[in-house]
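Colleague: Hi, have you got a minute to go through this one with me? I'd like to start with a single pairing and work outwards.

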Amino acid sequence: MPSASPRPAARRNDSPAAGFGRPLGGPWLVPGYDGRLTAYVSVRDAVLRWTQNAVGGDRWQGPEVLPAKGVTHVSVVHGENRYAHFLGLRTRPTGDGWSRVDVMNATQYQTARPMTQWHALGNPHKDIGTAGEVGAPTGVVTSDGALHVCVPTGSGSVELRREDAKGAWGAWKSLPAAGATDAPVPAATSTGLVEVLVPTRVSALYLRQAKTGAALEPAEAAGVVPVPGSATPLETGPGRITYYLTDAGGGGVVALRPGSWPLPLGGAPADGRIAALRTSLDGFDCTVLAVRGITGTVNLGVCATEGEQSGVWWTDTAMRCQGDPSIAHDGEGRLVVAVLDTEGRPTAARQEDGPGLTLSDWRLI
């Protein structure tokens, strides 16, 4: 168990101040196709990037500066093809007292290579006043490489736009959900299905596909209200997504699986996103959770995958951090936990040999 188009060139920035930022939305420690990990941090008008020098190594190159002028609420999404898709919002004054808000997208196709220029996906609303009320975009990549982008609107609806595997974008479509109070949480299964968890003031709503390529349809509501920004999806069985979130009513971590009652898991999370990853520990299929606790330190939880009812073992690593932690497997199959330390610098600990989950000392990336 735990103890602890044209492509602009990336610019190198060796200033210590370059490390001061916040993690990108979503899992911001991302495995690349070549097995190296990349960590992304958001700062004003840019994304900072650190990349492992070698597969499984503890030395990193960076920070490199990826331009993101005027783009806010940046998150990163990746799928089986290991492309890193960046999503965000750009707000530009129109000169008449209004502002135009566009959903933005850029892509990094290979580890440590430049990303594309940002391009606008437009806005699901034509009216400039309504368009200005869209929330931060979230996304998911299906097994065929298609990118699905969701945004919440000021009226409580959820809109979706899809890019197919060949790069062709469809039109914005309204999803059958109302009363959304936070960014929707899209997920994709290894069987090719897409589903979305939509937070509302009284519950969380499921939207699901009956088959690949079908429209998303409403399913049952979950009897729990997520803390905004806390939910994360994880495929815990073939075609089965478990959502881990913080219960706004009880304050602890909860596991949600469609068709099952919400299952309290304990823990003492703060108001950030929960990170979740499946891994093998001592020959058992386990799920590892990472949260920033209410005391400001990284807490890790371990349980049998889809066996949360048998107990979750929580450990406080004593590592103080800012923002949400992220976890990933490196190219050697070891679990790596990344955080920003109290000075905003990316820091990581790696799984070591031994029983259960034992982490190395924390090292600056």
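Colleague: Which residue in strand 14 does E159 stand opposite?

Modeller: E159 faces S174 of strand 14. Keep in mind that this is a predicted model.

Colleague: How many bridges join strand 13 to strand 14?

Modeller: There are 2 bridges between them, and the two strands run antiparallel. Strand 13 covers residues 158-163.

Colleague: And what sheet are they in, with which strand order?

Modeller: An open sheet of 4 strands, ordered 11-12-13-14, with antiparallel pairing. Its edges are strand 11 (138-141) and strand 14 (173-174), each of which pairs on one side only.

Colleague: Remind me, what holds strands of a sheet together?

Modeller: Strands pair through backbone hydrogen bonds, in either a parallel or an antiparallel way.

Colleague: OK, next sheet. What is the order in the one with strand 7?

Modeller: That one is also open, with 4 strands in the order 7-8-9-10 and antiparallel pairing. Strand 7 (71-78) and strand 10 (119-120) are the edge strands, each pairing on one side only.

Colleague: Which residue of strand 10 stands opposite M104?

Modeller: A120 in strand 10 stands opposite M104. Strand 9, residues 99-108, pairs with strand 10 in the antiparallel sense over 2 bridges.

Colleague: Switching to the inside: which residues have the most contacts in the largest nonpolar core?

Modeller: L24, L29, Y40, V47, V76, F86 and W118, in a core of 31 residues.

Colleague: Which elements give two or more residues to that core?

Modeller: Strands 7 and 9 from the sheet we just discussed are among them, along with strand 8 (84-93). Others include strand 4 (37-43), strand 5 (46-52) and strand 28 (335-340).

Colleague: What about a second core?

Modeller: There is a separate one of 18 residues, including V298, V337, A349 and L357.

Colleague: Now the whole chain. How many helices and strands does it have?

Modeller: The protein chain has 1 helix and 31 strands. Its radius of gyration is 20 Å, close to the 21 Å from the globule rule for 365 residues, so the chain is as compact as a globular protein of that length. The C-alpha trace spans about 60 × 50 × 35 Å along its principal axes.

Colleague: What share of the residues is buried?

Modeller: Buried residues account for 53% of the 365. The accessible surface is about 15700 Å², and 51% of that surface belongs to carbon and sulfur atoms.

Colleague: Last one: how far apart are the mean positions of the positive and negative charges?

Modeller: They lie 7 Å apart, taken over 32 positive and 34 negative charges.

Technical notes:
Residues numbered from 1 in each chain as written. Predicted model: local features only at pLDDT ≥ 70, side-chain atom pairs only at ≥ 80, totals over all residues. Heavy atoms only, no water. Rg over C-alpha atoms; globule rule 2.2 N^0.38 Å. Buried < 20%, exposed > 50% of the residue type's maximum accessible area, 1.4 Å probe, protein only. Areas by Shrake-Rupley, 256 points an atom, 1.4 Å probe, with all protein chains shown as cover. Lys, Arg positive; Asp, Glu negative; His and termini not counted. Charge placed at Lys NZ, Arg CZ, Asp CG, Glu CD. Pairing = 2+ DSSP bridges. Core = buried A, V, L, I, M, F, W, Y, C linked by side-chain atoms within 4.5 Å.
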